[in-house]
Amino acid sequence: MNRFRGWAAVVLLMLSAATAFAANISGAWSGDVKTPNGDVFPLSFTFKQDGTTLTGTVTGPQGDPTPISDGKVVDDKVSFSVSYNGMTIKHEGVATADEIKLTSKVDQADATPAELTLKRAK
């Protein structure tokens with residue numbers, strides 16, 4: 001019985017260690033964002049993950065890449081900010097192997113959060 005408990009503990013430790021590693025979201029991602037007034041436009045992200053630190057850029061219809069800041073990936077949780085036209089847009093969400101579901105909030109009191117699903121580029 002003690003030997004069984006020992007093996008069970010080893011298996012549990014191995015499983016918990018495997019789930020403790022963050023998924024690597026480095027690479028190209030894209031998705032469409034819908035504005036509160038109903039407009040839809042494409043966004044492309046390029047992420048570089050180093051441990052839990054996330055850097056990269058986002059490119060929208062304007063065509064120029066904008067750097068992300070305060071990027072973090074912890075387990076499957078993703079967060080980063082983008083500064084654009086005097087606003088800071090905070091993104092938080094959950095990543096899987098080929099999809100990131102984000103909620104984006106602008107730092108203005110009357111702004112409605114937007115939902116955004118990114119797909120990994122093939």
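Strands β3 and β4 run antiparallel to each other and are held together by 4 bridges. One of the pairs to look for is V58, whose bridge partner in β4 is T66. To get from β3 to β4, the chain makes a hairpin with 6 residues between the strands, and in that turn G63 has a positive phi of about 90°. This is a predicted model, and the values here are computed from it.

Strand β4 covers residues 66-74, and D70 lies within it. D70 is worth a pause: its phi is positive, about 55°, although D70 is not a glycine. D70 counts as exposed because its relative accessibility is 61%, and the cut-off for exposed is over 50%.

Going back one strand, β2 and β3 also pair in the antiparallel sense, this time over 7 bridges. Here K48 stands opposite T55 in β3. The hairpin that β2 and β3 form leaves 2 residues between them, and G51 in the turn has a positive phi of about 65°.

Then there is β1, which takes part in two pairings. With β2, it runs antiparallel and is joined by 8 bridges; W29 sits opposite F45 in β2. The hairpin of β1 and β2 has 5 residues between the strands, among them G38, with a positive phi near 100°. With β8, strand β1 is again antiparallel, joined by 2 bridges, and S30 stands opposite K119 in β8.

So how does the whole chain read from start to end? The pattern along the sequence is α-β-β-β-β-β-β-β-β, which comes to 1 helix and 8 strands. Of the contacts with a separation of 6 or more, 26% are between residues 24 or more positions apart. A long-range pair that is easy to find is T112 and T35: they are 77 residues apart in sequence, yet their C-alpha atoms are 8.8 Å apart in space. T112 is found in the loop between β7 and β8. T112 counts as partly exposed because its relative accessible area is 49%, and exposed would take over 50%.

Another loop residue to check is N85, between β5 and β6. Phi of N85 is near 50°, a positive value in a residue other than glycine. Is N85 buried or exposed? With a relative accessible area of 63%, N85 is exposed.

As for the chain overall, 24% of its 122 residues are buried. The surface it exposes is about 8,000 Å², with carbon and sulfur atoms supplying 59% of that.

That leaves the empty space. Rolling a probe the size of a water molecule over the atoms shows where such space is left. The largest pocket has a volume of about 530 Å³. Which residues come closest to its centre? They are V33, F41, L43, Y84 and I89, out of 25 residues that line the pocket. The elements that give two or more residues to this lining are β1 (27-34), β2 (40-50), β3 (53-59), β5 (77-84), β6 (87-95), β7 (99-106) and β8 (114-120). Sorted by class, the lining of the largest pocket has 15 nonpolar residues, along with 8 polar and 2 charged ones.

Terms used
Residues are numbered from 1 along each chain as its sequence is written. This is a predicted model: local features need pLDDT of at least 70, side-chain atom pairs count only at pLDDT 80 or more; totals for chains, interfaces and linings use all residues. Side-chain values use heavy atoms; hydrogens and water are left out. On a 1 Å grid over the protein atoms alone, a cavity is a set of points where a 1.4 Å probe fits but cannot get out, and a pocket is an open set with protein on both sides within 12 Å along at least five of seven lines; lining residues have an atom within 4 Å of a point. Grid points are joined across faces, edges and corners, and a volume is the space filled by probe spheres set on the points. Ala, Val, Leu, Ile, Met, Phe, Trp, Tyr, Cys and Pro count as nonpolar, Asp, Glu, Lys and Arg as charged, and the others, Gly among them, as polar. Buried means under 20% relative accessible area, exposed over 50%, partly exposed in between (1.4 Å probe, protein chains only). Contact means heavy atoms within 4.5 Å. Accessible areas come from the Shrake-Rupley method with a 1.4 Å probe; for residues, only the protein chains shown count as cover. Two strands pair if DSSP finds at least two bridges between them.
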